[in-house]
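User: I'd like to learn how to read a model like this one, feature by feature. Could you walk me through it?

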Amino acid sequence: MKRIFALTLSALLLCTPFSACVKPAEEGGSAAQSVTLTIWHDKEDAVAAALQSELDKLQPEIRVVLEKKNGLTEALKMVGNDPKAAPDLYFFAHDKLGVYAEMGILTPITEFVDADTLAQFLPMTLSAATYKGELYQLPIYFETLLFMYNRANMREDQVPATTEQLYAYMEEVTGGGHYGFLEQHSNAYYSAGWIHGFGGELINADGVPQLNTEQTIRALEYHLRFARLMTGESEYATVNTLFKEGRAAATIGGPWLIPTVREAGIDLGLAPMPIVDETGLPLAPYSGVQGLHVLKVAAENPAKHEAIKAVLHQLCNTDIGVAMAAASGCAPAFAACYELDEVKNDEMVMMMHALAQSAVPMPNIPEMDVMWNVVGNMLVDINMRKVNVREAADKAQKQAENLIAAMK
Amino acid sequence: MKGKRRTLSAWFSQAPVLLIIALIVVFPIGYTAYISLTNMNVYHWFDFQIIGLGNYLKALAVFDSGFLGALLITLLWTAVNMVLQLVIAFIMASLLNIQKLKARRVYKTVLMFPWAMPGYVSILLWKNGIFNSSFGLLNQWLEKLHLAPMRWLAGDVSAFIACLVVNLWLALPFMIMIMDGALQSVDKSYYENAILDGAGWFTRSVRLTIPAIRPIIAPAVVITLFTTFKQFDVIYLLTQQVGAKTGANIHTVLTYAYENAFVTNNYGYSSAISMIIFFFLIAFVTLSNLKRKEKKA
């Protein structure tokens, strides 16, 4: 009896893993009248709520389910072409769309939205969302780094208009655990602004690294002077904590930093990016454009095609832009939003709008994936390990070329 | 006939466990080996094909002087960690087994605490709370002593020691628990005889305790050897995390392979490197087991 019981249990345990192989039940509800679309995202609650609220206006014909997904980028790689597991759309930054376009899991937005409607978006956001001549994202909002200062430490007349003024200020006040200016000096995302200010770039549109060009090397040499007057550690927590504690007079940070800075009681001021004296160009940080992407498996489903079109059109107006700006200080991609008082009165959003003229969209080519680490190592070599700039740039260029070759 | 039936029944009873092992251990290894023979990358994500040993040839480029340096650091890392873990765990477990020790359970619970915390959280707490040059506890102590602050994670040697300390903090609870269990299994009458013969603590430990617990702790040592050799998160999160690099240039084989292969999104190529490291690890452990058996013989 005991043996039979044991063998039965074993048989049942053996069957357990196969229970997942059961054919899923057909979705209930009246499919003819109502279509459900799933959107994956990784955004904060306020942003997701604003989007959900706007898309709920399409009910009852179209029901949109927003699903917060941790590890969204990796999950899409795994299931992006599986109609049973993939979402219909996803809401994410533009910089990964080249990877997904090459994988063949995306459909161009132009299949659903006409050119006249798209012309109403900021040109920078459309250019960010274009890969190999195709537009793969409907931009909703964008973010870029801002020059922030603590009014308690830096008077209005001390706010630097140029990088040399900034350097002079740093030399004057840095010391005793206090800093004139701090940034994540050895992080590729933050240092890119300095490189762009010298006319350089990390990688060109053809996917060729540009780390040892004369412009980039000049920028790195120039930036090193500033890095020497900053903290040894250059990671997010240290830099931002020092700014929030009032030990750093100014910083370059993202809009996501602002709520916690204000909570910490800092009298925050925003200013345009300083202009590089040598080139006459402003520091031009990267911008990230957040928006909706359509999965090919959903676009090819005739039952969902019109619903996707309706969802995208619902977001081609000022409502969602204004809601996003109010919810989380996001800078709308829809140009007409900036004519409305609700947006015009938001200092941070308007500053980002002004920066949109000079900000450089993060490259969306797949080759960019390997650049973050390579450039990070190069910056560490230069700013922390005192390696000769040209030597470090040459080494990084070679490593980037090897990694890009290894991608294929 | 009866024997055959009994064997079949035994296999059938073990089948669920074997199936789980096959699914979570054997299948991933087999699938990685298969992918390593294909051209699966961003440009051939769903339409990949078998291309033979091309990825292995390409992978040899990663095994350059940088890899050799990482390999030496990994061996040093493994050896130092293992020695320290075994010595400290043995001492701690011995102290926990002192007769008439009060509040033994409290100490045991406290010692297990690092194990209960998620590794990621522990590592970042150490990084920001202890080693950070602006806010860290160590530099606050230095400041009180009127000494200049140090950048603990910037130099290669100091960063290696910092990583070692954090890894010991994370790994010791497991080893202490195993040692503690093993010590309790040793027959107390042996000690009584040894004490009567005039053996002190050190002699008892070397001649009696260690030989007695060796077979019990051997599996734990092998597991820890594997875990330490393929260590990634402690060194990566403390010193190499993208956007939070500290200036130290210490790499284990895995952090080196990650920076020089895994970031390429070329799964065929990365799988080939994983397989080579896997075989290397198997060879390393087999060799150390053989040496142990030789010593035993």
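User: Let's begin small. Does A:Lys132 count as buried or exposed, and why?

Analyst: Keep in mind throughout that this is a predicted model. For burial, the idea is to count C-beta atoms around the residue: 12 or fewer within 10 Å means exposed. A:Lys132 has 11 C-beta neighbours inside 10 Å, so it counts as exposed. Its place is the loop between β5 (130-131) and β6 (134-135) of chain A. The backbone is worth a look too, since A:Lys132 is not a glycine and still has a positive phi of about 50 degrees.

User: Chain B has a residue with a positive phi as well. Where is B:Asn265, and is it buried or exposed?

Analyst: Same recipe, with 20 or more neighbours as the cut-off for buried. B:Asn265 has 22 other C-beta atoms within 10 Å and is therefore buried. You'll find B:Asn265 in the loop between α11 (253-260) and α12 (267-296) of chain B. Its phi is about 60 degrees, positive although the residue is not a glycine.

User: And peptide bonds? Which form does the one from A:Gln59 to A:Pro60 take, cis or trans?

Analyst: Read omega for that. The bond from A:Gln59 to A:Pro60 has omega near 5 degrees, and it is cis. A:Pro60 sits in the loop that runs between α2 (45-55) and β2 (62-68) of chain A.

User: Which residues does A:Gln314 contact, once its neighbours within four places in sequence are left aside?

Analyst: Here you look for partners that are distant in sequence. A:Gln314 touches A:Glu54, A:Leu55, A:Lys57 and A:Leu58. Take A:Leu55: 259 residues separate it from A:Gln314 in sequence, yet their C-alpha atoms are 7.0 Å apart. A:Gln314 belongs to helix α13 (residues 302-314) of chain A. With 17 other C-beta atoms within 10 Å, A:Gln314 comes out as partly exposed.

User: What share of the contacts in chain A is long-range, with residues 24 or more positions apart?

Analyst: Among contacts with a separation of 6 or more, those 24 or more positions apart account for 76%. For the rest of the chain-level picture, chain A has 18 helices and 13 strands, and 49% of its 408 residues are buried. Its C-alpha atoms fill a box of roughly 80 × 60 × 45 Å along the principal axes.

User: Now helix packing. At what angle do α2(A) and α14(A) cross?

Analyst: Two packed helices are described by the angle between their axes and the distance between the axes. The axes of α2(A) and helix α14 (residues 318-328) of chain A cross at roughly 155 degrees and come within 9 Å. That makes α2(A) roughly antiparallel to α14(A). The crossing is right-handed. On the α2(A) side, the residues in contact include A:Ala46, A:Ala50 and A:Glu54, while A:Ile320, A:Ala323 and A:Ala327 are among those in α14(A). By class, this contact has eight nonpolar, two polar and two charged residues.

User: How does the pair α3(B) and α7(B) cross?

Analyst: The axes of α3 (residues 65-96) and α7 (residues 156-185) of chain B come within 8 Å and cross at roughly 50 degrees. α3(B) is therefore oblique to α7(B). This crossing is right-handed. Sorting its residues by class gives 16 nonpolar, four polar and one charged.

User: Stepping back, into which domains is chain A divided?

Analyst: Domain 1 covers 32-143 + 287-361 and domain 2 covers 145-286 + 364-406. Their C-alpha centres lie 29 Å apart. In the contact between them, 21 residues of domain 1 meet 17 residues of domain 2. On the domain 1 side, α16(A) gives the most, with six residues.

User: Last one: how many residues of chain A are in contact with chain B?

Analyst: For an interface, list both sides, then ask which elements supply them. Here 37 residues of chain A are in contact with 33 residues of chain B. α1 (2-15), α4, α10 (236-244), α17 (368-383) and α18 (389-406) of chain A each supply at least two residues of chain A's side. That side has 18 nonpolar, twelve polar and seven charged residues.

Technical notes: Residues are numbered from 1 along each chain as its sequence is written. Chains are lettered from A and ligands numbered from 1 in the order in which they are written. This is a predicted model: local features need pLDDT of at least 70, side-chain atom pairs count only at pLDDT 80 or more; totals for chains, interfaces and linings use all residues. Helices (H or I, at least four residues) and strands (E, at least two) are DSSP runs, numbered from the N terminus. Two residues are in contact if their C-beta atoms, placed from the backbone, lie within 7 Å. Axes are lines fitted to C-alpha atoms, for helices over the stretch in contact, and angles run from 0 to 180 degrees between N-to-C directions. Angles under 35 degrees count as roughly parallel, over 145 as roughly antiparallel, 65 to 115 as roughly perpendicular and the rest as oblique. A crossing is left-handed if the near helix is turned anticlockwise from the far one by less than a right angle, and right-handed if clockwise. Ala, Val, Leu, Ile, Met, Phe, Trp, Tyr, Cys and Pro count as nonpolar, Asp, Glu, Lys and Arg as charged, and the others, Gly among them, as polar. Domain bounds come from an automatic or database domain assignment.
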